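Q: I have a protein model open and I'm not sure how to read it. Can we go through it feature by feature?

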Amino acid sequence: IFEHVMMMMMMKTSKHHPIKAGVLNLLLLLSAMMIFGTTFTFDNKVLATNNEGGGGGGDANAADDTNDGAIEVTPTVFRDAYLSKMSKTEKYFAKFYAPWCGHCKAMAKDWDALAAERKDVTMFSVDASVKSEAKVSQEFEIKSFPTLMYFEDGKMYPYSGGARTKDALGKYASLEKKKDGRKFTFKGERFVLQQPPIYVRAKTFLEESLQVIMQVYKHKPGAAYVLYGGGLVTGICFTSLFFVVARGDGKPKAKAAKSKSSAKKTN
């Protein structure tokens, strides 16, 4: 939305105010670089490989369902061997995790216990930490660990049950109506999610941005204050520039109106 408004302002001022249009163009480019740079940096850190933590190993195309818990798979196997062949009556509950993730380890027992108990839902533990699987993980929009997704009737639902305990997870799986479902299709082998409305994307972006800031603040409080200060200064600059451009657009029109009125009077 912000970039759309800035583009409209730039197009409006390009004819009469080329210098201001150039400044707007530069600020728009810098803001886009800041936003996407922060997002990709965070995503790459989250999806990076941590071989010391025990990710991967064995045959990447084989699923480990030897125990009574969740089926252990890679993102590619989950997509190609299960989701692409999923029937309308099947229900999948997937945990995208990393072996080194503390929160993933904390919920592992409850997850496997629920998987052994529930026969109406097939549950998966998807190791999304392997670097070679990063592109497939991004198809599912995995940006943090653990990420829980429920699949049913051609839709993917992000987990919204709150706690990651066995009771909370089981209660969510039993819900007849789940929130924020998005249809998915396949283009060749690629898993494609339907894009949500713009207001939902804006809300998601704000929530993810706050999550990034909280992560930074937790580990490096000083860097969080720098981000906050930089955002505040950028917002003030953009707001000031908006008013400058708005006032500048009105002056030529006012002068033109005055010249026309004076011409009429002389005639």
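A: Sure, here is a walk through the fold, a helix, a tyrosine, some charged pairs, the cysteines and a surface patch. Keep in mind that this is a predicted model.

Q: Let's begin with the whole chain. How many helices and strands are there in the protein chain?

A: The protein chain has eight helices and seven strands.

Q: And what share of the residues counts as buried?

A: A residue is called buried when its relative accessible area is under 20%. By that cut-off, 33% of the 267 residues of the protein chain are buried. The chain's accessible surface is about 17,200 Å², and 60% of that belongs to carbon and sulfur atoms.

Q: Which contacts tell me about the way the chain folds back on itself?

A: Look at how far apart in sequence the touching residues are. Among contacts with a separation of 6 or more in the protein chain, 69% are between residues 24 or more positions apart.

Q: Now a single helix. Why is helix 3 said to be largely enclosed by the rest of the structure?

A: Go along the helix and check each residue for burial. In helix 3, six of the eight residues are buried, so the rest of the structure largely encloses it. The buried ones are Pro 75, Thr 76, Val 77, Phe 78, Arg 79 and Tyr 82.

Q: There's an arginine in that list! What does Arg 79 pair with in a salt bridge?

A: Here's the general idea: side chains of opposite charge can pair when their charged atoms come close. In this model, Arg 79 and Glu 139 form a salt bridge, with 3.2 Å from N to O. That pair ties together distant parts of the chain, since Arg 79 is in helix 3 (residues 75–82) and Glu 139 is in helix 5 (residues 134–139), 60 residues apart. Arg 79 counts as buried because its relative accessibility is 6%. Glu 139 is also on the buried side of the cut-off, at 17%.

Q: Which residues belong to the network of salt bridges?

A: Arg 79, Asp 80, Glu 139 and Glu 189 are linked in one. The total for the structure is seven salt bridges.

Q: Can you show me another pair, say Lys 91 and Glu 152?

A: Happily. Lys 91 and Glu 152 form a salt bridge whose closest N and O atoms are 4.0 Å apart. This one also links distant parts of the chain: Lys 91 sits in strand 2, Glu 152 in strand 4, and 61 residues separate them. Lys 91 is partly exposed at 27% relative accessibility, and Glu 152 is partly exposed at 22%.

Q: How about Arg 118: is it buried or exposed?

A: Arg 118 is buried, with a relative accessible area of 15%. Its salt-bridge partner is Asp 120, with the closest N and O atoms 2.9 Å apart. Asp 120 is partly exposed at 43%.

Q: Next, how do I read the surroundings of one residue? Where is Tyr 159?

A: Start with its place, then list what it touches. Tyr 159 is in the loop between strand 5 (155–158) and helix 6 (166–174). It counts as buried because its relative accessibility is 16%. Setting aside neighbours within four places in sequence, Tyr 159 contacts Phe 93, Leu 148, Ala 168, Leu 169 and Tyr 172. A polar atom of the Tyr 159 side chain also lies 2.5 Å from the backbone oxygen of Ala 163.

Q: Some of those are in helix 6, right next door. Which residues of helix 6 are buried?

A: They are Ala 168, Leu 169, Gly 170, Tyr 172 and Ala 173. These buried residues pack against strand 2 (91–97), helix 4 (102–117), strand 4 (147–152) and strand 5.

Q: How many disulfides are there?

A: You look for pairs of cysteine sulfur atoms within 2.5 Å. The count here is zero. Cys 101 is buried at 7% relative accessibility, while Cys 237 is partly exposed at 43%.

Q: Last one: which residues make the nonpolar surface patch?

A: Leu 210, Ile 213 and Leu 227 make a patch of about 270 Å². Leu 210 is in helix 7 (residues 198–219), and it counts as exposed because its relative accessibility is 54%.

Terms used
Residues are numbered from 1 along each chain as its sequence is written. This is a predicted model: local features need pLDDT of at least 70, side-chain atom pairs count only at pLDDT 80 or more; totals for chains, interfaces and linings use all residues. Side-chain values use heavy atoms; hydrogens and water are left out. Patches are made of residues with over 30% relative accessible area and no salt bridge: like charges are joined within 9 Å, nonpolar side chains (Val, Leu, Ile, Met, Phe, Trp, Tyr) within 5 Å. Accessible areas come from the Shrake-Rupley method with a 1.4 Å probe; for residues, only the protein chains shown count as cover. A salt bridge is a side-chain nitrogen of Lys or Arg within 4 Å of a carboxyl oxygen of Asp or Glu. Helices (H or I, at least four residues) and strands (E, at least two) are DSSP runs, numbered from the N terminus. Buried means under 20% relative accessible area, exposed over 50%, partly exposed in between (1.4 Å probe, protein chains only). Contact means heavy atoms within 4.5 Å. A polar contact is a pair of N or O atoms within 3.5 Å; within protein, one must be able to donate a hydrogen and the other to accept it, and residues adjacent in sequence count only if both atoms are side-chain atoms.
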